[in-house]
Amino acid sequence: MAAMEETTPEIAERLKERAELVNMPRIGSDDNWAYGTFQLNLATAKNKRGESVEFRGSPHHRMSL
Amino acid sequence: MGFFGSAHVDEDDDPGAYSHMIAHSDLPEGYEPGFFFILELGVFLVLDNYISINFNGRRKHGGTAPLGPAGQRLIKWAYRFVVIAYPPRRIVNGTGRLSLGALPNNDAFLLPPEAINSG
């Protein structure tokens, strides 16, 4: 969010106004006017020829909040 | 994730808002961290530690896995994690029902839009 305020302040302003207007829930911090939810992705390494030696099938795991 | 993994568009993201990603890895010496691409803009990021990016999730994007040296058994603890903070349309534009918590019998306690804003 700090990056947006710095580089694209007009976009930051619009998003802040809209968050106020629709009473968007502030996830994680009252200052969060930008992000409605979060997801954590874990990826295991692969060998350079493109196949995973340790894991077959789904090579990464996902958790959503 | 294949070698050119899962390029996709986040269809349910708000078109006017941005996703934020921060990447960090626990990789042994000699491993490459992988890349993140925003395909339609022709840009990519090397996913070194503490790298973060704001991008529009409605643009096609994808990434490649961390790579270990060819011919060697992969080390089990070699992981990269990323945290994505993103703006689902229905949450950020006030039209969604929000889940406040769990109720008995696998039900959810939902807040509908009319309970959240008067618009």
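1. **Surroundings of B:Ser19.** Which residues are in contact with B:Ser19, leaving aside its neighbours within four places in sequence? From chain B they are B:Asp13, B:Ile53, B:Asn54, B:Phe55, B:Gly57, B:Ala85, B:Tyr86 and B:Pro87. Chain A contributes A:Tyr35. Bear in mind that this is a predicted model.

2. **B:Ser19, burial and polar contact.** B:Ser19 lies in strand β2 of chain B, which covers residues 19–26. Is B:Ser19 buried or exposed? Its relative accessibility is 1%, and buried means under 20%, so B:Ser19 counts as buried. The B:Ser19 side chain also makes a polar contact, at 3.3 Å, with the side chain of B:Asp13. B:Asp13 is thus named twice here: in the contact list and as this polar partner.

3. **Extent of the interface.** Contacts between the chains involve 41 residues of chain B and 32 residues of chain A. The size of an interface is often given as the accessible area lost when the parts come together. For chain B and chain A that area is about 3,300 Å². Carbon and sulfur atoms carry 60% of it.

4. **Polar and charged pairs across the interface.** How many salt bridges does the rule find between chain B and chain A? It finds 1. B:Asp14 forms a salt bridge with A:Arg18, and their closest N and O atoms are 3.0 Å apart. Polar contacts link 14 residue pairs between the chains, counting pairs with both residues at pLDDT 80 or more.

5. **What chain B brings to the interface.** Four elements of chain B each supply at least two residues of the side that touches chain A: β2, β7 (67–68), β8 (79–86) and α1 (89–92). The largest share comes from β8(B), with 8 residues. By class, the residues on this side of chain B are 25 nonpolar, 11 polar and 5 charged.

6. **Confidence by chain.** The model scores ipTM 0.78 and pTM 0.80. Chain B averages a pLDDT of 88, and 95% of its residues score at least 70. Chain A averages 81, with 74% of its residues at or above that mark of 70.

7. **Where to be careful in chain A.** Which element of chain A has the lowest mean pLDDT? That is strand β3 (residues 60–64), at 61. Helix α2 (residues 9–21) of chain A has the highest, 95. Over residues 50–58 of chain A, pLDDT stays under 50. For that stretch the model has 13 contacts beyond four places in sequence.

Terms used: Residues are numbered from 1 along each chain as its sequence is written. Chains are lettered from A and ligands numbered from 1 in the order in which they are written. Side-chain values use heavy atoms; hydrogens and water are left out. Buried means under 20% relative accessible area, exposed over 50%, partly exposed in between (1.4 Å probe, protein chains only). A polar contact is a pair of N or O atoms within 3.5 Å; within protein, one must be able to donate a hydrogen and the other to accept it, and residues adjacent in sequence count only if both atoms are side-chain atoms. Contact means heavy atoms within 4.5 Å. pLDDT is the predictor's confidence in each residue, from 0 to 100. Buried area is the accessible area (1.4 Å probe) that two parts lose on being put together, summed over both. A salt bridge is a side-chain nitrogen of Lys or Arg within 4 Å of a carboxyl oxygen of Asp or Glu. Ala, Val, Leu, Ile, Met, Phe, Trp, Tyr, Cys and Pro count as nonpolar, Asp, Glu, Lys and Arg as charged, and the others, Gly among them, as polar.
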